[in-house]
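Please work through the exercises below with the sequence and the model at hand.

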Amino acid sequence: MDNKRRVGKVSVFMYTSTFFIAFGANLPSFVGSPAQSIVTAMDFLRSEALNLKAISRFYRSPAFPAGSGPDYVNGCAVFEATLPAEATLAALHRVEARLGRVREKRWGARGIDLDLIAVGQTILPDPQAQAHWRGLPLEQQMTEAPDQLILPHPRLADRAFVLIPLAEIAPLWRHPATGKTVQEMVQSLDPAEKAALVPFSAPFGGVGGLSSPDQATK
């Protein structure tokens with residue numbers, strides 16, 4: 001691997017072995033504001049054998065569904081790891097639990113949310129299942145959830161709060177099922193959804209360097 005890479009944009013050559021994680025929070029946790037919780041989560045992930053390679057700016061985005069809670073702090077990160085995808089997902093859940101996450105309501109307000117959205121060019125559990133969940137109508141999305149890991153995340157191409165920060169750090173990553181790059185998926189988003197995201201914090205100033213994470217959501 002190239003030792004000159006820093007926390008920032010990720011080379012396309014890394015995509016076969018990297019883990020793409022979307023993060024968000026819209027409630028405080030015991031460590032402080034949503035942004036503080038996310039910075040803490042990134043630190044906890046290092047203890048789970050996940051090596052941070054790139055992280056986007058933090059964005060403020062409206063809660064979905066509309067009116068379901070305060071604005072979110074959202075962003076994306078890229079990690080390297082030797083763990084299989086299922087073990088990495090379990091690590092994300094352990095970090096969420098350390099920060100007080102209790103999974104009660106689907107798409108409800110939360111103090112921390114860590115989603116494994118893609119692993120290189122991996123499709124799990126198979127192309128047919130991934131296509132089924134990717135094509136699920138919105139009304140079914142709100143009530144149905146898979147009982148196994150689906151990669152890439154079925155809603156990846158629909159979510160401005162994932163794609164816009166992901167485009168900062170991995171713009172050329174290509175969806176293994178649809179063939180579209182992150183940049184192409186961003187271009188397909190509703191302009192109003194894209195305009196609703198507001199960047200407000202650059203959390204890492206180089207490898208291991210943190211900027212102030214204490215900006216609260218509005």
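Two exercises with worked solutions follow.

The model is predicted, so local features need pLDDT of at least 70 and side-chain atom pairs count only at pLDDT 80 or more, while totals for chains, interfaces and linings use all residues. Residues are numbered from 1 along each chain as its sequence is written, and side-chain values use heavy atoms, with hydrogens and water left out.

**Exercise 1.** Determine how the buried residues of helix 2 are arranged about its axis.

Solution.
1. Helix 2 covers residues 85-98; helices are DSSP runs of H or I with at least four residues, and strands are runs of E with at least two, numbered from the N terminus.
2. Its buried residues are A85, T88, A91, L92, V95 and E96, where buried means under 20% relative accessible area with a 1.4 Å probe, protein chains only.
3. Viewed along the axis, these residues of helix 2 lie within an arc of 140 degrees, so they line one face; the arc is that of the directions from the helix axis to the C-beta atoms.

**Exercise 2.** Describe the aromatic pair of F58 and F200 and its surroundings.

Solution.
1. The structure holds three aromatic pairs; ring centres of Phe, Tyr or Trp (its six-membered ring) must lie within 6.5 Å, with planes under 30 degrees apart counted as stacked, over 60 as edge-to-face and the rest as tilted.
2. One of them is tilted and joins F20 to W173, 5.4 Å centre to centre with 45 degrees between the planes.
3. F58 and F200 are also tilted, at 6.4 Å and 55 degrees.
4. F58 belongs to strand 3 and F200 to strand 6, so the pair ties together parts 142 residues apart in sequence.
5. Ring pairs link F23, F58 and F200 into a cluster.

Methods: Expected span 1.5 Å × (residues − 1). Buried < 20%, exposed > 50% of the residue type's maximum accessible area, 1.4 Å probe, protein only.
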